[in-house]
Amino acid sequence: MSPTTFQHHKDLPARHILGTGTPMCAGCGGLETLHEIYDIIGEKCVIVNAAGCMTLLSVYPYTPFRGSWLYTAMASAPAGAQGVRDALDILQRKGELTARDDLEVLVLTGDGSAYGMGLSATSGAMDRNLDFLYLCYDNEGYGNTGQQYSSATPHAARTATSKGPAGFPGYKKDLFAIWAAHRPSYAATVVGAEPLDLARKVEKARQLSGPRFIISLAPCPTGWGYEPSATVEIGKLAVQTGVWPLKEYVDGRVLHTKVPKKRLPVEAYLEKQGRFRHLFAPQKNKALLAEIQARIDRYWQEVEAAG
Ligand SMILES: Cc1ncc(C[n+]2csc(CCOP(=O)(O)OP(=O)(O)O)c2C)c(N)n1
Ligand code: SF4
Ligand SMILES: [Mg+2]
């Protein structure tokens with residue numbers, strides 16, 4: 001199943017595109033996060049989207065959003081956001097837009113853009129203290145083009161471009177830390193399966209100005225190889241095993257917002273996904289599983305040591 005095989009229902013009114021006529025895969029974790037965040041942000045925003053799965057939501061002249069939508073090349077969403085922010089500021093200076101009617105500029109990209117192609121533009125936008133909110137839905141690969149690896153792909157995952165017996169040889173880039181190193185106004189990790197934690201963070205980000213970042217793990221049934229009904233379970237397991245720490249950066253400090261009391265073994269998360277099947281069959285790859293577990297343990301030991 002590939003999202004690009006779905007036909008867009010061009011004759012449906014826009015409000016139906018997120019419903020029965022959706023071009024997205026069933027159980028899409030990125031869409032789950034976007035739904036939850038859009039419920040809070042609302043229509044007073046301009047979404048600046050870099051090419052990826054979510055681009056399929058808007059097919060000119062339709063969009064399922066009540067606000068505006070700007071589509072950019074993969075590397076350029078933060079540059080597009082600068083243009084939109086500047087235009088809104090000019091309208092305000094000319095008295096053609098009141099502060100009350102101002103719009104949130106919301107960059108929406110996948111991990112391919114956020115971790116890779118668009119990172120330079122993102123860094124530049126932070127240097128300029130651009131007032132924008134960046135939402136990355138991280139499905140850990142180039143989902144729209146068939147799940148090739150990206151800088152967000154976890155160690156050992158099979159992707160369309162890492163098919164060897166040990167899967168992807170690299171390691172997931174720590175994008176949260178890269179953002180935090182720029183000292184933005186706010187940065188947070190979320191997952192759609194933990195909606196209260198997500199809502200609190202989005203509310204906090206909305207109250208602030210300047211560069212703000214929300215990165216959501218986005219379980220992807222199509223790219224990760226599991227049944228669409230398991231998206232919430234997999235999102236929760238990512239938190240319970242410590243694979244996806246829920247945290248925020250604010251005022252120069254990193255705080256963990258949900259520390260699993262007793263972490264489940266990482267196998268509980270990995271064994272549910274086809275992309276890790278080679279770690280369990282035809283025989284268990286104990287050495288690789290132990291390496292993955294050790295890296296997670298080390299992360300949490302450092303968190304505990306830091307108090
Ligand atoms: C410069 C450039 N290279 C390749 C593509 C083709 N392309 C379109 S979407 C996509 C995948 C983007 O991955 P990601 O940002 O993670 O979003 P996802 O598809 O996973 O939602 C690619 C490679 C493109 N649009 N632009
Ligand atoms: S490939 Fe994955 S991220 Fe893309 S629409 Fe399908 S489930 Fe969502
Ligand atoms: Mg992706």
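How do the residues of the shell around ligand 2 divide into nonpolar, polar and charged? Seven are nonpolar and two are polar, with no charged residue in the shell. The model is predicted. Nine residues surround ligand 2. Those that come nearest are Cys25, Cys28, Cys53, Asn139 and Cys220.

Cys53 leads on to ligand 1. Cys53 is among the closest residues there too, along with Gly112, Tyr137, Gly143 and Asn144. In total, 16 residues surround ligand 1. The make-up of this shell is six nonpolar, nine polar and one charged. Which element gives the most to it? Helix H3, residues 111-117, does, with four residues.

Now take the polar contacts of ligand 1. Tyr137 uses its side chain: a polar atom there lies 2.7 Å from an oxygen atom of the ligand. Asn144 uses its backbone, where a polar atom is 2.7 Å from an oxygen atom of ligand 1. Ser113 also offers its backbone, with an N or O atom 3.2 Å from a ligand oxygen. How much of ligand 1 does the protein bury? Taken alone, the ligand exposes 570 Å², and the protein buries 73% of that.

Gly143 deserves a closer look. This residue sits in the loop between strand E4 (132-138) and H5. Is Gly143 buried or exposed? Its relative accessibility is 17%, so Gly143 counts as buried, the cut-off being under 20%. Lys284 gives a sense of distance. Gly143 and Lys284 are 141 residues apart in sequence. In space, 27 Å separates their C-alpha atoms.

The loop that holds Gly143 runs to H5, and helix H5 (175-181) also helps to line the largest pocket. That pocket holds about 790 Å³ of space. Its lining counts 29 residues. Closest to the pocket centre are Lys172, Val243, Pro245, Arg295 and Ile296.

Which elements give two or more residues to this lining? They are helix H5, strand E6 (211-217), helix H9 (267-270) and helix H10 (286-305). The largest share comes from H10, with six residues. By class, the lining of the largest pocket has 17 nonpolar, three polar and nine charged residues. Lys172 and Arg295, both among the residues closest to the centre, belong to the charged class. Val243, Pro245 and Ile296, also among the closest, count as nonpolar.

Key:
Residues are numbered from 1 along each chain as its sequence is written. Chains are lettered from A and ligands numbered from 1 in the order in which they are written. This is a predicted model: local features need pLDDT of at least 70, side-chain atom pairs count only at pLDDT 80 or more; totals for chains, interfaces and linings use all residues. Side-chain values use heavy atoms; hydrogens and water are left out. On a 1 Å grid over the protein atoms alone, a cavity is a set of points where a 1.4 Å probe fits but cannot get out, and a pocket is an open set with protein on both sides within 12 Å along at least five of seven lines; lining residues have an atom within 4 Å of a point. Grid points are joined across faces, edges and corners, and a volume is the space filled by probe spheres set on the points. A residue is near a molecule or strand if one of its heavy atoms lies within 4 Å of it. A polar contact is a pair of N or O atoms within 3.5 Å; within protein, one must be able to donate a hydrogen and the other to accept it, and residues adjacent in sequence count only if both atoms are side-chain atoms. Accessible areas come from the Shrake-Rupley method with a 1.4 Å probe; for residues, only the protein chains shown count as cover. Buried means under 20% relative accessible area, exposed over 50%, partly exposed in between (1.4 Å probe, protein chains only).
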